[in-house]
Amino acid sequence: MFIYNVTTKVDWSIHDAWLQWMRTEHMNEVVATGCFHQHRLLRIIEIDDTDGPTYAAQYTASSKADYNRYINNYADSLRNKTLQKWGNRLIAFRSLMQEVDG
């Protein structure tokens with residue numbers, strides 16, 4: 001299993017609207033690409049949230065090929081859509097993790 005993790009620091013001025021958008025639109029749109037079969041949203045705690053809270057959106061792919069298909073065919077468009085909607089009121093970085101058994 002591969003987990004695509006997007007960590008995002010969200011400005012307080014958009015927090016509630018962004019959280020609603022993530023839950024009802026964006027995460028579902030990412031899964032609808034067919035590249036991921038599961039998703040979850042976590043709030044990172046024990047971190048300075050003076051400028052806004054930090055979240056980790058995680059999407060589970062069955063294979064690296066599924067993740068690569070997402071990156072090659074969908075990621076740019078969905079990132080641009082996010083940028084157009086929220087501008088510089090959030091900062092995100094992405095990482096890929098692989099589940100390790102035993």
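Helix α1 (helices being DSSP runs of H or I with at least four residues, and strands runs of E with at least two, both numbered from the N terminus) has 17 residues, which at 1.5 Å a residue should span 24 Å, and its end C-alpha atoms sit 22 Å apart, so the two agree. The expected span here is 1.5 Å times one less than the number of residues. This is a predicted model, where local features need pLDDT of at least 70, side-chain atom pairs count only at pLDDT 80 or more, and totals for chains, interfaces and linings use all residues. Residues are numbered from 1 along each chain as its sequence is written, and side-chain values use heavy atoms, with hydrogens and water left out.

The helix isn't straight: α1 bends by about 55 degrees at M22, taken as the angle between axes fitted to the seven residues ending there and the seven starting there. M22 is also among the buried residues of α1, along with H15, W18, L19, W21, H26, M27 and V30. Buried means under 20% relative accessible area, exposed over 50%, and partly exposed in between (1.4 Å probe, protein chains only). The cover over these buried residues includes strands β1 (2-10), β2 (38-44), β3 (54-61) and β4 (90-98), plus helix α2 (64-86).

As for H26, it lies in α1, which runs over residues 15-31. H26 counts as buried because its relative accessibility is 10%. Setting aside neighbours within four places in sequence, H26 is in contact (heavy atoms within 4.5 Å) with W21, Y59, L78 and T82.
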